[in-house]
Amino acid sequence: MERYSLICEMSVVHVMSLSTAAAEPWPEKATLYQPLKEDQILLSDSASSLAVQTFLRMCGLPVQVSCCANAEYMSPSGKVPFIHVGNQVVSELGPIVQFIKAKGHSLSDGLDDVQRAEMKAYMELVNNMLLTAELYIQWCDDYTATEISRPRYSSPYSWPLNHILAYQKQWEVQRKMNAIGWSGKSLEQVYEDVSQCCQALSQRLGTQPYFFNKQPTELDALVFGHLFTILTTQLTNDELAEKVKSYTNLLSFCHRLIKIGQK
C-alpha cells in the first residue's frame with residue numbers, strides 16, 4: 001500500500017512538472033545538442049538532428065545548436081539529438097514533438113483522426129526502414145564501418161578508449177540488427193528496402209507540396225531530415241543517394257524544405 005502511494009505521488013509530481021514546463025514560454029537560449037558536426041557525427045545522427053531542427057523551425061521556435069563530443073552520453077535516452085529547454089531535457093523527435101505540443105505548438109492539429117493515424121504510420125515506416133538502413137550501412141557493412149564509422153565515431157577520444165567505444169557501438173547496433181531480423185540481410189537487400197520506402201513516400205507525396213497538402217507536419221520534417229542527409233553525406237559509394245535520386249518529387253520536396261530553412 002505504501003509503495004502504491006509512493007508511485008501515485010511520483011506520478012503526480014511528474015504530471016505537475018510537465019504542466020509547469022508547458023506553461024513556461026519558449027526561452028531565447030533553447031539548445032539542441034548533437035555530436036561534433038565536422039569530425040564525429042554519422043549519417044543516422046545527422047539525419048535525426050536535422051529532422052528535429054527542421055521541426056522546430058517549422059514551429060517558429062529558435063534553437064541554438066551545440067556540437068559536443070559526448071552528446072550521446074549526455075542524452076537522457078542515450079540517443080541524439082536532445083534539446084535543453086529551461087530545466088527540461090528531451091531527446092529524439094517523437095518525445096520532442098509531444099513536449100512542444102504541450103507548449104501549444106503543433107503542426108498536425110489540422111489533421112483529422114484518419115490523417116493523424118496515417119502520418120504516424122509513415123513516420124514509423126521512415127524510422128523502421130530509413131533509419132535502420134542507415135544504422136546497418138554504418139555498422140554492419142564492414143567497409144563502411146572500417147573506413148568511416150569507427151574512425152569518425154571515435155575521433156574525439158584517445159587510444160585505447162577510441163577503439164573500445166567504437167567497437168562497443170558497433171556491437172550494440174549489430175545486436176539490434178539481429179533482434180529485428182536484419183543481421184542476415186545483404187547490403188543489396190538493404191538498398192532495396194530503402195528504395196521501397198522511398199517509393200511509398202513518393203506515392204504518398206504525389207504532386208502535393210507536402211505530405212498532407214499545403215501545410216508541413218512533423219512527417220515532412222522527419223522525411224526531409226533523412227532524405228537530405230542521405231543526399232549530402234559522403235559514404236563509401238553513392239548507391240544510397242542514388243535510390244533517393246530516382247524519385248524526382250522527393251528531390252523537389254527536399255529543395256522546397258531547404259527554402260523553408262533559409263527564411
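This short presentation describes selected features of a predicted model.

Let me begin with the strands. Strand β1, residues 31-34, and strand β2, residues 64-67, run parallel and are joined by four bridges. One residue to locate on the display is Tyr33, whose bridge partner in β2 is Ser66. Helix α2, residues 43-58, completes a β-α-β unit with β1 and β2, and this unit is right-handed.

Just ahead of β1, in the loop that follows α1 (2-23), please find Lys29. Is Lys29 buried or exposed? Its relative accessible area is 69%, so Lys29 is classed as exposed. Setting aside neighbours within four places in sequence, Lys29 is in contact with Gln64 and His84. For a sense of scale, the C-alpha atoms of Lys29 and His226 are 26 Å apart, and the two residues are separated by 197 residues in sequence.

I turn now to the interior. In soluble globular proteins, nonpolar side chains tend to be buried together. Here, the largest nonpolar core has 72 residues, and the members that touch the most others are Trp26, Phe55, Ile83, Ile100, Leu201 and Phe253. Which helix provides the largest share of this core? Helix α5, residues 113-139, does, with 12 residues. A second core, of five residues, lies apart from the largest one; Tyr33, Cys68, Ala71 and Phe82 are among its members. Tyr33 is thus named twice in this talk: in the pairing with Ser66 and in the five-residue core.

Trp26 merits a view of its own. Not counting residues up to four places away in sequence, Trp26 touches Leu56, Leu61, Pro62, Ile83, Val85, Phe99, Ile100 and Lys103. Two of these, Ile83 and Ile100, are also listed with Trp26 among the residues touching the most other core members.

The interior also holds a polar residue, Gln170, within helix α7, residues 161-179. Why is Gln170 classed as buried? Because its relative accessible area is 7%, and the cut-off for buried is under 20%. Beyond its neighbours within four places in sequence, Gln170 is in contact with Trp139, Ala145 and Arg150. With Arg150, the side chain of Gln170 makes a polar contact of 2.8 Å.

Next, the backbone. Most residues other than glycine have a negative phi, and most peptide bonds are trans. Where does this model depart from that pattern? Val80 and Pro81 are joined by a cis peptide bond, with omega about 5°. Pro81 sits in the loop between α3 (71-74) and β3 (82-85). Another cis peptide bond joins Trp159 and Pro160, again with omega about 5°. Pro160 belongs to the loop between α6 (142-154) and α7.

As for phi, Glu92 has a positive value, near 75°, and is not a glycine. Glu92 lies in the loop between β4 (88-91) and α4 (93-102), and its relative accessible area of 28% makes Glu92 partly exposed. Asn213 also has a positive phi, of about 70°, without being a glycine. Asn213 is placed in the loop between α8 (187-205) and α9 (218-232) and, at 36% relative accessibility, is likewise partly exposed.

Finally, the annotation. An unreviewed UniProt entry lists residues 195-257 as "domain: Metaxin glutathione S-transferase". In the model, this span is 68% helix and 0% strand, and its end C-alpha atoms lie 21 Å apart.

Notes
Residues numbered from 1 in each chain as written. Predicted model: local features only at pLDDT ≥ 70, side-chain atom pairs only at ≥ 80, totals over all residues. Heavy atoms only, no water. Core = buried A, V, L, I, M, F, W, Y, C linked by side-chain atoms within 4.5 Å. Buried < 20%, exposed > 50% of the residue type's maximum accessible area, 1.4 Å probe, protein only. Helix = DSSP H or I, 4+ residues; strand = E, 2+ residues; numbered from the N terminus. Contact = heavy atoms within 4.5 Å. Polar contact = N/O pair within 3.5 Å; in protein donor to acceptor, adjacent residues only side chain to side chain. UniProt positions renumbered as here; feature names shortened; annotations may be inferred. Pairing = 2+ DSSP bridges. Right-handed = clockwise from strand over helix to strand, strands pointing away.
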